[in-house]
Amino acid sequence: MRKGRPPKYGSEVVEVLWRIWKVSEQPCGKRLVEMLGLWLPHYEAEHGKLAPKVRKQLKAISAAQVDRLPAPRKAQCKHRGRSGTKPGSLLKHHIPIRTDNRDITRPGWLEAGTVAHRGGSLEGDFIWSVTYTDIFSGWTSLRAVWNKGAHGVVEATREVEAALPFQIEGFDCDNGHVEQKNWTHVRQLPGYERLADSEMVKEINMLCRELWEPLHNHFCASTKLVSKYRHGAKVIRRHERPMTPCDRLLASDAVSAWKKAELRAVRKALNPFELNRRLEAALR
């Protein structure tokens with residue numbers, strides 16, 4: 001017989017958390033609890049209306065409970081993420097990552113970097129990924145180019161610029177900031193294999209432009225480092241409340257009212273569950 005108080009959350013709550021966690025890039029509890037308000041209407045459209053009690057519990061649940069309740073199921077997952085290869089623990093110590101961007105208070109300042117899908121060799125021809133990240137909002141775009149040639153990179157950049165929901169104010173390349181996104185963004189899509197077929201460029205760009213970017217920028221929350229300092233032997237990091245890139249733009253005074261209305265309309269027309277299904281099918 002079970003001793004102590006009965007569990008506060010039933011299996012219905014666990015099932016909702018588990019299903020959303022799986023299709024939202026498996027975020028930590030602090031991020032997922034902030035995302036639930038965006039995902040629950042779509043969840044109910046997919047799986048049916050939730051009982052009022054379950055909906056109330058999900059709206060009031062803590063980040064710690066969001067991490068704890070599905071933990072037994074998470075432990076049984078053989079592969080987390082879309083790529084079967086994990087990043088090496090040694091690499092991060094050799095890549096400088098810029099974390100102090102407190103002087104940037106508006107969207108439009110981009111940092112970009114490249115990733116070689118070369119397998120184990122830089123010889124020959126293969127596909128490169130270019131990652132563009134807005135420092136203020138975290139809005140990220142990905143593009144594939146063949147052989148990292150100047151023409152392909154310029155064309156990809158022009159295409160990204162035309163689709164961004166803000167104007168580019170400044171552009172900084174290959175300074176290390178976006179290296180931290182090589183695993184969470186680029187490697188989870190095509191992985192670490194060598195991509196030596198130029199015909200794949202068009203398909204990868206379709207996948208990024210039409211599926212991955214709407215899912216991540218509108219529905220997946222990220223955190224931003226506010227401060228970092230050392231206290232004795234410990235490094236104390238403070239992060240702001242997790243938000244999606246779209247929500248950061250909606251909260252910014254630097255974004256016009258008509259552009260915010262456009263962002264809301266775009267997100268209203270999207271279904272994150274459908275985006276995830278199409279993304280998985282496209283990757284297969």
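Helices in this tour are DSSP runs of H or I with at least four residues, numbered from the N terminus. The model is a predicted one.

**Stop 1: a pair within H1**

Select Arg 19 and Glu 15 and display their side chains. The two form a salt bridge, with 3.0 Å from N to O. Because they stand four residues apart in helix H1, about one helical turn separates Arg 19 from Glu 15. Colouring by accessibility adds a further detail: Arg 19 is partly exposed, at 30% relative accessibility, and Glu 15 is likewise partly exposed, with a relative accessible area of 23%.

**Stop 2: from H1 to H5**

Keep Glu 15 selected and add Arg 73. A salt bridge joins these side chains as well, at 2.9 Å from N to O. Glu 15 belongs to helix H1 and Arg 73 to helix H5 (residues 71-75), so this pair ties together parts that lie 58 residues apart in sequence. Arg 73 has a relative accessibility of 32% and therefore counts as partly exposed.

**Stop 3: H1 against H2**

Next, show H1 (residues 11-23) together with H2 (residues 29-47). The axes of H1 and H2 come within 10 Å and cross at roughly 100°. Angles from 65 to 115 degrees count as roughly perpendicular, and H1 and H2 are therefore described as roughly perpendicular to each other. On the H1 side, select Glu 15, Val 16, Leu 17, Arg 19, Ile 20, Trp 21 and Val 23; on the H2 side, select Leu 32, Leu 36, Trp 39, Leu 40, Tyr 43 and His 47. Glu 15 and Arg 19, the pair from the opening stop, are thus among the residues in contact with H2. By class, the contact of H1 with H2 comprises 10 nonpolar, one polar and two charged residues.

**Stop 4: H1 against H3**

Hide H2 and bring up H3 (residues 52-60). H1 and H3 pack at an angle of about 55°, and their axes are 10 Å apart. This makes H1 oblique to H3. The crossing of the two helices is right-handed. Select Glu 12, Val 13, Val 16 and Leu 17 in H1, which meet Val 54, Gln 57 and Leu 58 in H3. The contact of H1 with H3 contains five nonpolar residues, one polar residue and one charged residue.

**Stop 5: H2 against H11**

Return to H2 and add H11 (residues 272-283). Their axes come within 8 Å and cross at roughly 70°. H2 is accordingly roughly perpendicular to H11. The residues to select are Trp 39, His 42, Tyr 43, Glu 46 and His 47 of H2, with Pro 272, Phe 273 and Arg 277 of H11. Four of the residues in the contact of H2 with H11 are nonpolar, two are polar and two are charged.

**Stop 6: H10 and a wider network**

Move to helix H10 (residues 257-268) and select Lys 259 and Glu 262, which are three residues apart and so separated by about one helical turn. Their side chains meet in a salt bridge of 2.8 Å, N to O. Lys 259 is buried, with a relative accessible area of 13%, whereas Glu 262 is partly exposed at 38% relative accessibility. Finally, select Arg 143, Glu 159, Arg 209, Glu 210, Glu 213 and Arg 278: salt bridges with shared partners join these residues into one network. Across the whole structure, a search finds 16 salt bridges.

Methods
Residues numbered from 1 in each chain as written. Predicted model: local features only at pLDDT ≥ 70, side-chain atom pairs only at ≥ 80, totals over all residues. Heavy atoms only, no water. Axes fitted to C-alpha atoms, helices over the stretch in contact; angles between N-to-C directions. Parallel < 35°, antiparallel > 145°, perpendicular 65-115°, else oblique. Left-handed = near helix turned anticlockwise from the far one by under 90°. Contact = heavy atoms within 4.5 Å. Nonpolar A, V, L, I, M, F, W, Y, C, P; charged D, E, K, R; others polar. Salt bridge = Lys/Arg side-chain N within 4 Å of Asp/Glu carboxyl O. Buried < 20%, exposed > 50% of the residue type's maximum accessible area, 1.4 Å probe, protein only.
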